[in-house]
Each structure stands twice: as C-alpha cells, then as structure tokens.
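Here's a quick look at how the inside of this protein is put together. Have the model open and follow along.

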Amino acid sequence: MSSNSDEIALLERVLLRLACADTDEQLQNAVSKFLAPVLLKIVSSDEAVRLKVMEVLTHINKRLKTRPLIQIPVQDILAQYQNTDSSFAMNFAIIYITMGFPRLSPELKAQLTPQLLVALKGKPEVHQDKILALIVPLLGDIKLPEGSTARKEVQELLAQDSVKLQLISFLQDVLLFPYGITQDSEVPAELQSKDFASLIGLFPKESFEDHLNPLDRVNSLSTTLQKILQQLLTHPHIARRGFFIRNLCSVPREESVERR
C-alpha cells in the first residue's frame, strides 16, 4: 500500500471517529486530537489526500457550527500558522484561529494574545486585520514580565515600522467606529469596506460583560486603546496625526456618537 493510500486510510478512520462522536465530550476529544494533524495534510501533493482532508474539515465545521462550547486547539494551529510558508495552509489555519479564539477562556485568551501579536509579522494584511480584531479588546490585559521571551518578541515586533503602522491604523479605526452600528448598516464614510468588515465583530452585544452595559464596554475598550495609541504615536510619519487623535480621545464615546 502506498504512503498516499495510507494517509487516505488514516483520514477515513479520523472521519469515522468524528462521525461516531455522539456526545460533546467525545467530539471535544476528537477535535482536540485530530484537527491540527489533519490541517498539516492540506498541503499534500496528492489531490486525493487533499480532497479527503477537505471532507474531514467539512464534517468538523458542520459539527462545530452547532456546538459553540467545543474547544478548538488554537495554540497548536497557531504554531502551524507561524511556521508554514504555504499560503494555502495559512488560509486554513486562520479560519480555525478566528473560529476557536472566541471560544477560549479569558485566561487562555490573555495567554495567547502576545503570541497572536507576534504572528502578525509577515502575514497578509487581511490576516493581520482578522488577528487584530481578535486581540484588540484584550490588549489591556496582556501581562509580559520583565525579561521574558514574550516581552522581547513583542518589543521587537513593535519596533518594526510596518507592524506599528498597521496596529496604529487599526486602533484609530476602532476609535472612529460608530457605536450601535450593525452588520446590516451602511459602511460609515470614514471607514473602508474591508475595515468595516474587520471591526464589526469587535462590539457584538452578546460579548458584553454582564456588569457593563454596551456603552460602558465600548468606553472601557476605547480608554485602553487611547493609552496604547499614546505609547505608539512616536513614529515620525504618524506624529502629525497626533493632534487629531488626542482630540478624538478626549471626546467621550457617547458624545462622538451623537455628533455622527
């Protein structure tokens, strides 16, 4: 039996294992064990293997859609995302990163946020926007001890002008985003369509903390972003925008919404 036949047979067994997972616990165990290894095979040179991988992933996607509490192995998939040169593999990895990250506990989200920030380097802009949409609400919760590897990696990343400019641009768009807008609303004049698509998921009503009403949640996030922007606005090409941003930051969110 050829190696490709072996891989197809293995994928068939994975598919059977998933199909036989009747309970959430069984499905959780199967997804945690098999999803990341299956994703590695998406770059196989054999078309039959790739088609079988797609069959497995389609089954997983259908099951995950109706089970929002099932955890996805985001950390393992993130490692693949950072270590592959295949744009095809990156595109699949980012799907499961964006699907799985919101399902994580607050502690795991805070733990993975620095890694996601580092993952911005060298990635397509559309991927960077997806990652930033995941981590921007958590930037104020990052804990990077002095001398830690994670702190050094983040500092080195933010020292790169291209990454810093991308982050600043995204944070500015968040601060400009009108509160109360929905996916069905028209794209605001101050935002491009792609920016609107990236930002619309930042303020879903179901994500608001119980002890904060929606406007307080937005104000809390805006305060965090203002502090981050003030630290980033040392870039010579961005300094000229500082006056505008400082004025924007000084306007309470409710007042800025009313002006629109």
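What follows covers the main nonpolar core and then two helix pairs.

Keep in mind that this is a predicted model. Its largest nonpolar core counts 57 residues, and L35, L57, I77 and Y81 have the most contacts inside it. Helix α2 (residues 24-40) puts in the largest share, eight residues. The core isn't confined to one domain, either: at least three residues come from each of domain 1 (1-104) and domain 2 (106-182 + 191-207).

I77 is a good place to zoom in. Leaving aside residues up to four places away in sequence, I77 touches L35, A36, L39, I72, A93, Y96 and I97.

Now for the helix pairs, with α5 appearing in both rows.

| Helix pair | Axes come within | Crossing angle |
|---|---|---|
| α4 (residues 74-83) and α5 | 9 Å | roughly 150° |
| α5 (residues 87-100) and α7 (residues 125-135) | 11 Å | roughly 15° |

How do those angles read? With angles over 145 degrees counting as roughly antiparallel, the crossing at roughly 150° makes α4 roughly antiparallel to α5. On the α4 side, V74, I77, L78 and Y81 make the contact, and they meet M90, A93, I94, Y96, I97 and G100 of α5. This crossing is left-handed.

The other pair crosses at roughly 15°, so α5 is roughly parallel to α7. The crossing of α5 and α7 is left-handed too. Here M90, N91, I94, I97 and T98 in α5 meet H127, K130, I131 and L134 in α7.

Notes. Residues are numbered from 1 along each chain as its sequence is written. This is a predicted model: local features need pLDDT of at least 70, side-chain atom pairs count only at pLDDT 80 or more; totals for chains, interfaces and linings use all residues. Side-chain values use heavy atoms; hydrogens and water are left out. A nonpolar core is a set of buried Ala, Val, Leu, Ile, Met, Phe, Trp, Tyr and Cys residues joined through side-chain atoms within 4.5 Å. Buried means under 20% relative accessible area, exposed over 50%, partly exposed in between (1.4 Å probe, protein chains only). Helices (H or I, at least four residues) and strands (E, at least two) are DSSP runs, numbered from the N terminus. Domain bounds come from an automatic or database domain assignment. Contact means heavy atoms within 4.5 Å. Axes are lines fitted to C-alpha atoms, for helices over the stretch in contact, and angles run from 0 to 180 degrees between N-to-C directions. Angles under 35 degrees count as roughly parallel, over 145 as roughly antiparallel, 65 to 115 as roughly perpendicular and the rest as oblique. A crossing is left-handed if the near helix is turned anticlockwise from the far one by less than a right angle, and right-handed if clockwise.
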